[in-house]
Amino acid sequence: MSFIPVAEDCDFPIHNLPYGVFCTADNPRPRIGVAIGDQILDLSVIKHLFTGPVLCEHQDVFDQPALNSFMGLGQAAWKEARASLQDLLSAGRARLRDDAELRKRAFTPQVSATMHLPATIGDYTDFYSSRQHATNVGLMFRGKESPLLPNWYVLGQGLGGFRVRLSTLTPACRPHWRPSVFRGGLTQPLSLVLPARPPVYGPCKLLDLELEMAFFVGPGNRLGEPIPISRAHEHIFGMVLMNDWSARDIQKWEYVPLGPFLGKSFGTTISPWVVPMDALLPFAVRGPEQDPQPLPYLRHDRPYAFDINLSVALKAAGCAQRPPLCPQHMYWTMLQQLTHHSVNGCNLRPGDLLASGTISGPEPESFGSMLELSWRGTKAIELGNGQTRKFLLDGDEVIITGHCQGDGYRVGFGQCTGKVLPALPPA
């Protein structure tokens with residue numbers, strides 16, 4: 001129990017203690033905090049209380065405007081910080097609880113804070129690791145004969161990530177403008193056949209959400225030195241929710257021969273709180289059996305899938321609909337993603353972000369994109385109050401949430417939110 005009141009349905013009990021970067025109106029300097037209940041504990045104010053054998057020499061990491069330096073210290077520092085925070089916040093410990101002056105400086109209500117990206121992200125890679133999502137997309141565009149190509153089960157497509165532009169990656173609560181760019185004369189439903197008429201410039205017509213999760217890299221590796229899968233867990237700091245906004249009509253037009261480009265580069269949203277892996281490990285489970293067996297460098301016995309309940313709410317003109325609601329469904333694990341990313345000697349750095357790709361479950365109500373929920377625009381999604389959607393309209397707000405349910409508590413991620421604004425006029 002913490003001396004800070006925490007409701008049973010709150011995402012941020014003492015079992016969680018996620019890290020984020022925030023500022024306030026009276027102190028605009030971005031600084032590192034930890035969420036507890038409805039409060040933020042400012043670690044720059046209490047850095048002198050981290051007196052363990054590792055952090056006593058690195059208290060300055062909590063004075064930084066981003067988490068990169070702390071991420072780079074590795075597991076010993078993370079575990080020490082977590083133990084110190086749980087001790088300081090415990091209801092039975094007086095050091096912080098009974099120091100009224102320090103408490104006044106150290107705690108900020110979350111409603112009074114503005115959240116920033118938790119790290120300076122040097123690189124961001126998006127994977128394609130949900131078998132059900134990959135199967136759904138394959139069924140739509142390749143048919144029942146070959147919904148998944150054979151290499152997806154080995155490494156090719158399933159662990160084939162692509163880099164996304166970092167300048168448009170934002171924390172939750174920042175709106176996104178509908179993209180405008182050349183696109184083909186595509187109409188719903190989407191099809192494999194490109195139209196004969198020439199492309200036109202204009203606002204995206206088929207704007208979509210993608211329910212994803214992502215993790216931040218801790219210590220990196222040297223260029224040329226792969227990270228073995230037996231040690232991959234040592235390089236994973238924590239997880240966030242993600243919405244990888246997608247312009248399906250733009251994406252379809254450019255996909256061959258360019259691959260993902262302008263249909264993906266206009267916006268990505270992540271939740272502002274990074275849930276540390278030690279808070280998630282009690283909810284670790286074994287993933288699905290991988291058949292055929294992956295290549296030797298990708299094999300591991302460590303349970304590293306997580307029982308995370310994910311949901312999406314779509315707020316539209318006064319009504320809210322929650323299309324997907326499912327435990328996390330992943331075929332490839334984060335350990336495999338990180339190991340595969342570095343197998344050719346690619347060096348990762350503290351604060352790099354690796355995303356799962358769209359997460360979908362086996363039932364239609366657990367699909368993680370409107371492309372799947374509307375089955376490429378062939379059927380409407382009922383929102384209630386007489387409203388339907390196939391893809392997102394201007395003014396729609398997407399809210400992604402996720403949590404692990406414990407015995408009388410839950411470990412959650414907060415909200416990953418974003419609102420669709422009308423396209424800007426051409427320059």
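This briefing walks through some helices, strands and salt bridges of the structure above. The model is a predicted one, so keep that in mind as you look around. A good place to start is helix α5 (residues 131–141), which is largely enclosed by the rest of the structure because eight of its 11 residues are buried. A search of the whole structure also finds 17 salt bridges, and a few of them are described further down.

**Helix α5 and H133**

- The buried residues in α5 are H133, A134, T135, N136, V137, G138, M140 and F141.
- Part of the cover over these buried residues comes from α9 (370–373).
- Just past the end of α5, G143 has a positive phi of about 90°.
- H133 sits in helix α5, and an unreviewed UniProt entry gives this residue the feature "active site".
- Is H133 buried or exposed? Its relative accessibility is 5%, so H133 counts as buried, the cut-off being under 20%.
- Leaving aside residues up to four places away in sequence, H133 touches Y128, T358, S360, S369 and E372.

**Helix α2**

- Helix α2 covers residues 75–89, which makes 15 residues.
- From its first C-alpha to its last, α2 reaches 21 Å, close to the 21 Å expected at 1.5 Å a residue.
- Its buried residues are A77, W78, E80, A81, R82, S84, L85, L88 and L89.

**Strand β20 and its partners**

- Strand β20 (residues 309–316) is mostly covered, with six of its eight residues buried.
- How many bridges join β20 to strand β26 (residues 397–405)? There are seven, and the two strands run antiparallel.
- Within that pairing, K315 stands opposite E397 of β26.
- β20 also pairs with strand β21 (residues 319–321), in the antiparallel sense and over three bridges; here A320 is the bridge partner of K315.
- Strand β22 (residues 325–327) pairs with β20 too, over three bridges in the antiparallel sense, and C326 in β22 is the bridge partner of L310.

**Salt bridges**

- D11 and R410 meet through their side chains in a salt bridge, at 2.9 Å from N to O. D11 is in the segment before β1 (19–24) and R410 is in strand β27 (residues 410–421), so this pair ties together parts that are 399 residues apart in sequence.
- The two partners differ in burial class: D11 is buried, with a relative accessible area of 12%, while R410 counts as partly exposed at 22% relative accessibility.
- E210 and R248 form another salt bridge, again at 2.9 Å from N to O. E210 lies in the loop between β12 (207–208) and β13 (211–217), and R248 lies in helix α6 (residues 248–258), so the pair ties together parts that are 38 residues apart in sequence.
- Both of these residues are tucked away: E210 counts as buried at 4% relative accessibility, and R248 is buried with a relative accessible area of 6%.
- R389 has a salt bridge with D396, where the closest N and O atoms are 2.9 Å apart. R389 counts as buried at 9% relative accessibility, and D396 counts as buried at 1%.
- Which residues are joined into one network by salt bridges that share partners? They are D208, E210, D244, R248 and K264.

Terms used: Residues are numbered from 1 along each chain as its sequence is written. This is a predicted model: local features need pLDDT of at least 70, side-chain atom pairs count only at pLDDT 80 or more; totals for chains, interfaces and linings use all residues. Side-chain values use heavy atoms; hydrogens and water are left out. Helices (H or I, at least four residues) and strands (E, at least two) are DSSP runs, numbered from the N terminus. The expected span of a helix is 1.5 Å times one less than its number of residues. Buried means under 20% relative accessible area, exposed over 50%, partly exposed in between (1.4 Å probe, protein chains only). Contact means heavy atoms within 4.5 Å. Two strands pair if DSSP finds at least two bridges between them. UniProt positions are given in the numbering used here, feature names are shortened, and annotations may be inferred rather than shown by experiment. A salt bridge is a side-chain nitrogen of Lys or Arg within 4 Å of a carboxyl oxygen of Asp or Glu.
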